[in-house]
Amino acid sequence: MPSTISALNDLGQGPRQNRRPLLSSLIQRSDYHGLMTALRREGAQGRLTAGQRVRRAANLVNGSTGLGLAVALLAGTEVSCGPRGLILAAGYRWRLPFAGAFTLGNVVLSRCPATDLLSRPALLAHEERHCSQYAWCLGAPFLPLYFLAAGWSLLRTGNPGTGNVFERHAGLEAGGYPPRGTGRRPSHPGPAELEV
Ligand SMILES: [Zn+2]
């Protein structure tokens with residue numbers, strides 16, 4: 001979807017944008033202008049590091065962020081700009097996945113309000129590491145790899161996170177998973193009781 005990628009690349013370039021905006025061919029919802037306003041505020045979120053810019057560009061090009069935004073819009077979430085190039089999609093209500101929060105590209109979808117997510121820096125950092133994993137996996141291939149790792153973990157440890165290389169890299173405790181060898185959950189799993 002080159003036109004979508006081009007539009008996505010306009011994110012964060014401030015108020016000079018007059019071009020046709022993000023995902024315009026997909027979005028027909030009444031909250032479209034609210035979404036665009038929120039995304040254009042990204043310039044106010046502070047400068048991104050070179051690595052964060054590369055990650056954002058990678059997830060734009062590989063389509064995972066576009067997928068995340070499409071799900072966020074279809075699910076009727078409230079989209080806003082988060083720190084470090086992340087996009088927060090709050091108020092997710094669909095039944096699947098069974099997770100308090102999950103990440104698609106640079107989009108972090110959560111069942112809780114964005115303010116709650118922002119007040120939990122460890123959880124947000126955990127989701128941000130998944131965001132980086134999408135970039136390393138070139139986008140969509142992350143999903144089957146993740147589910148394979150989760151299935152392996154489930155067989156080995158009884159839960160989808162403890163033996164899952166992606167969750168271990170992202171941080172087990174912040175993700176609400178028991179540390180290796182304990183067989184128990186952390187005492188304060190928070191709103192992302194399980195997440196992806
Ligand atoms: Zn996770």
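Biologist: Which glycine follows helix α3, and what is the sign of its phi?

Modeller: In this predicted model, helix α3 covers residues 50-61. The residue in question comes after that helix and has a phi near 90 degrees. It is glycine 63, and the sign of its phi is positive.

Biologist: What span should the 12 residues of helix α3 have, and how far apart are its end C-alpha atoms?

Modeller: The rise is taken as 1.5 Å a residue, and the expected span is 1.5 Å times one less than the number of residues. For the 12 residues of α3 the span should therefore be 16 Å. The end C-alpha atoms agree with this, being apart by 16 Å.

Biologist: Which residues of α3 are buried?

Modeller: A residue counts as buried when 20 or more other C-beta atoms lie within 10 Å of its own C-beta atom. In α3, the residues in this class are Arg55, Arg56, Ala58, Asn59 and Leu60.
The helix in question is thus α3, residues 50-61, and its buried residues include Leu60.

Biologist: Which residue stands opposite cysteine 81 in β2?

Modeller: Strands β1 (residues 78-81) and β2 (residues 87-90) pair in the antiparallel sense over four bridges. Five residues lie between these strands in the hairpin, where arginine 84 takes a positive phi near 60 degrees. Opposite cysteine 81 stands isoleucine 87.

Biologist: Which helix gives the most to the largest nonpolar core?

Modeller: This core has 29 residues, and Val107 and Leu117 are among those with the most contacts inside it. Elements supplying at least two residues each include α4, β2, β4 and α7. With five residues, the element that gives the most is α6.

Key: Residues are numbered from 1 along each chain as its sequence is written. This is a predicted model: local features need pLDDT of at least 70, side-chain atom pairs count only at pLDDT 80 or more; totals for chains, interfaces and linings use all residues. Two strands pair if DSSP finds at least two bridges between them. A nonpolar core is a set of buried Ala, Val, Leu, Ile, Met, Phe, Trp, Tyr and Cys residues joined through C-beta atoms within 7 Å. A residue is buried if 20 or more other C-beta atoms lie within 10 Å of its own, exposed if 12 or fewer, and partly exposed in between; C-beta atoms are placed from the backbone.
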